[in-house]
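Ready for a little structure reading? Keep the viewer open and try each task before you look at its solution.

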Amino acid sequence: MIIAIDGPAASGKGTIARRLARHYALPHLDTGLLYRATARALLDEGARLDDPERAEAAARGLALTDFDEERLRGADMGEAASVVAALPQVRAALLEHQRRFAARPEGAVLDGRDIGTVICPDARVKLFVTASPETRAQRRALELRGRGEEVNFADVLADIRRRDERDSGRSSAPLVAAADALRLDTSELDVEEAVAAAVALVERRRAGA
Ligand code: CDP
């Protein structure tokens, strides 16, 4: 079974994806890390984030097995990732890896922005996870403070809105719910409630509803 989970920044899709993977004993790929690692590689070599040739080379050259998540999870890298993610060359370079991951015999859980629309259009279950920008900014601010970053709510909210706009407005694989995705708004839900709601949606799809 392939479970495709898409949604905007800090909607809760990463947590839901990890928990669903554990619940159904499936491997999980956080595809945002691929874009974050591409951005990191470009910055490390002093290249511009919007240089299509170097960005494509960086994406193709990624060591896909061990990401240094500590260096990738910061706010600056989320912002940088959304710049390289708008380049079609980068998306094409990362497509095969994601498809191969999803093609495992037992299935997989993938989360990102275009999993249900581009990477796994035939996924058995597609979830589109959302929450209000304010809720997402609150969660992201908490998460970043937990990492030791000094952030204020207004900046985080502005960053979330900018990223929403960039991710939804780009011409290459924009963030959009697949027509057959089940929507899950987590604005009013805590983690356990959101996970329970996600499991219920997966079961609904598996039952053929
Ligand atoms: O956790 P958060 O949603 O903030 O970030 P992420 O999922 O790691 O994604 C960072 C950026 O990578 C997003 O803003 C997107 O621009 C891009 N991305 C994408 O375009 N396609 C994906 N499948 C995953 C991430």
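Here are three exercises on a predicted model, each with a worked solution.

**Exercise 1.** Find the elements that give two or more residues to the largest nonpolar core, and say which of them gives the largest share.

Solution. Start with the best-connected members: of the 22 residues in this core, Tyr35, Ala39, Leu42, Leu49, Val90 and Leu94 touch the most other members. Next, list the contributing elements, which are helices H2 (32-44), H3 (52-60), H5 (75-84) and H6 (88-102). Finally, pick out the largest share: H2 supplies 6 residues.

**Exercise 2.** Leave aside the neighbours of Leu94 within four places in sequence, and work out which residues Leu94 is in contact with.

Solution. Select Leu94 and look for heavy atoms within 4.5 Å, the cut-off for a contact. With the sequence neighbours set aside, you should find Leu34, Tyr35, Thr38, Ala59 and Leu62. Then look beyond this core: a second, separate core has 20 residues, including Ala17, Val125, Val195 and Leu201.

**Exercise 3.** Describe how strand S4 (residues 125-130) is covered, and with which strands S4 pairs.

Solution. Begin with burial, where the cut-off is under 20% relative accessible area. In S4, 6 of 6 residues are buried. Now take the faces in turn: Val125, Leu127 and Val129 are buried on one side, and Lys126, Phe128 and Thr130 are buried on the other. Then turn to the pairing. Strand S1 (residues 2-6) runs parallel to S4 and is joined to S4 by 4 bridges. Strand S5 (residues 182-185) also pairs with S4 in the parallel sense, over 4 bridges. To finish, click on Phe128: this residue is the bridge partner of Asp6 and stands opposite Arg183 in S5.

Technical notes
Residues are numbered from 1 along each chain as its sequence is written. This is a predicted model: local features need pLDDT of at least 70, side-chain atom pairs count only at pLDDT 80 or more; totals for chains, interfaces and linings use all residues. Side-chain values use heavy atoms; hydrogens and water are left out. A nonpolar core is a set of buried Ala, Val, Leu, Ile, Met, Phe, Trp, Tyr and Cys residues joined through side-chain atoms within 4.5 Å. Buried means under 20% relative accessible area, exposed over 50%, partly exposed in between (1.4 Å probe, protein chains only). Two strands pair if DSSP finds at least two bridges between them.
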